[in-house]
Amino acid sequence: MHIVVIGAGIIGVTTAYFLRRDGHDVTVIERRSGVAQETSFANAGVMAPSYVAPWSQPGMPAKVFSYLLKAEAPVVFRPSLDPALWRWIARWLGECRLERFTRNKARMQRLAFYSQAELRALRELHKLDYEQTTGYLQLFRTHIEVERSAITRKMLTELGVEHRLLNTGEAHALEPALHGPTRLAGALHLPNDETGNCAFFAQQLKEIAIRDGVDFRFNVAAQSLRTELQRVTQLQTEAGVINGDAFVVAGGIDSVALLRPLGIRVPMQPVKGYSATASITAFDHAPYISVMDETYKVAITRMGKWLRIAGTAELGTRGMQLRDSALRTLLKVAQDWFPYAASYAKSRFWIGARPMLPDGPPVLGKTPISNLYVNTGHGSTGWVMSCGSARVVADVIAGRAPAIDLDGLTLDRYARSR
Ligand SMILES: Cc1cc2nc3c(=O)[nH]c(=O)nc-3n(C[C@H](O)[C@H](O)[C@H](O)COP(=O)(O)OP(=O)(O)OC[C@H]3O[C@@H](n4cnc5c(N)ncnc54)[C@H](O)[C@@H]3O)c2cc1C
């Protein structure tokens, strides 16, 4: 079959790779000049399947409300009159109930653990090096945060995920670069979680895919999908028409606009986040293990010679301008923990839009149109879910049973709830 994939973020690139591995002719349409130039570009790089959870969780609505007036808030909500935003919020509030959260989290983790295994297999097969590191340390500034982590620890125990609660001294012993004077009440260590540079990974996989025959067409924007008798026949692009036997929409947040004219409504909203990338100037003062500041929800990751500092979730605005107070928060947190590690004043800043569904899990596989498939809506955990999602979509297209149960990971959950 000739399959056209729209979008070359981490999701589109991994999808193209797995489809080619199944022997299909694959064409990837990407409006940018290369792969991973939008949300997959400078994310936090964390691959922590045990930490994967929906944004819709008990207590979150109150948290969002309490942050409304705080300058250094990790979550920002800017209300607008957009009806799609309010429909999304209504759905999201419903999904914050404990039983929904637990169900959605389990669905996401099923995919994330599978995905991690697929990524490790690819890494081994192709000897990929994408600045990966092992281990993840969640930092608690207060004893209340330590106490609250009991719920997470209980879940981790139930899942059989190795983890350990560390006291202040143990955390400093594990990561000596942590700045002593910054208040640390404890930390949660997850030794098997990983981090890595998502964009590097995507670039390397793209090279392998090209070598294997995938046709990447950059600087070409997909405009619309034409259908006849409930089948997509053509993709209209700025550069002309592209024919195919099947089509996969992997356009991140802009998947919504491509699917809507076909009557396929994906209730996705952009949840923006920021990162700063600073050159490491004192390697002894930079962390080896990736850390997450629980108070500010900011992750700090060593990526080769760079420190990546990422965080903030901002809902309700469409513009992609950098917001000064968010950037200040990132730098404050980095300087709190690793003040001498990097040249923070020369940081490169970035903003990305997480393609977020109200319940959390992405949508994978079939649509009501027989030869049209989706792989999108991965929210804040698209990197960790990428390889598994792509493999699942390739399985569905091939008519094979995926290795994981797809309940709650497909588009029809929204059709059911309408
Ligand atoms: C601050 C921040 C930190 C994050 N940290 C992590 C993390 O630590 N771990 C993790 O797992 N995830 C993380 N994420 C989430 C992760 O980055 C996303 O889930 C993931 O990048 C989504 O990938 P994607 O391929 O769906 O979207 P994108 O990377 O946005 O790719 C979509 C592509 O489709 C193209 N496209 C769209 N429409 C068209 C069109 N009409 N024609 C042609 N091309 C089109 C776009 O140009 C783009 O290249 C983070 C996100 C942010 C913002």
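**Exercise 1. Describe the residues that surround the ligand and state how they divide by character.**

Solution. The shell around the ligand divides into 15 nonpolar, 15 polar and six charged residues. Here Ala, Val, Leu, Ile, Met, Phe, Trp, Tyr, Cys and Pro count as nonpolar, Asp, Glu, Lys and Arg as charged, and the others, Gly among them, as polar. The model is predicted, and local features need pLDDT of at least 70, side-chain atom pairs pLDDT 80 or more, while totals for chains, interfaces and linings use all residues. Residues are numbered from 1 along each chain as its sequence is written, and side-chain values use heavy atoms, without hydrogens and water.

Next, 36 residues surround the ligand, each with a heavy atom within 4 Å of it. The closest are Glu30, Ser40, Val46, Ala222 and Gly379.

**Exercise 2. Identify atoms of Asn43, Val46 and Gly382 that lie beside polar atoms of the ligand.**

Solution. Begin with the side chain: a polar atom of Asn43 lies 2.9 Å from a ligand oxygen atom. Turn then to the backbone: a polar atom of Val46 is 2.8 Å from a ligand nitrogen atom, and one of Gly382 is 3.0 Å from a ligand oxygen atom. Finally, consider cover: the ligand alone exposes 1,000 Å², of which the protein buries 96% (Shrake-Rupley method, 1.4 Å probe).

**Exercise 3. Determine how strand β1 is joined to strand β2.**

Solution. Strands are DSSP runs (E, at least two residues), numbered from the N terminus. Strand β1 (residues 2-6) and strand β2 (residues 25-29) run parallel and are joined by five bridges; pairing requires at least two. As one example, Val4 has Thr27 in β2 as its bridge partner.

Definitions and conventions: Helix = DSSP H or I, 4+ residues; strand = E, 2+ residues; numbered from the N terminus. Polar contact = N/O pair within 3.5 Å; in protein donor to acceptor, adjacent residues only side chain to side chain.
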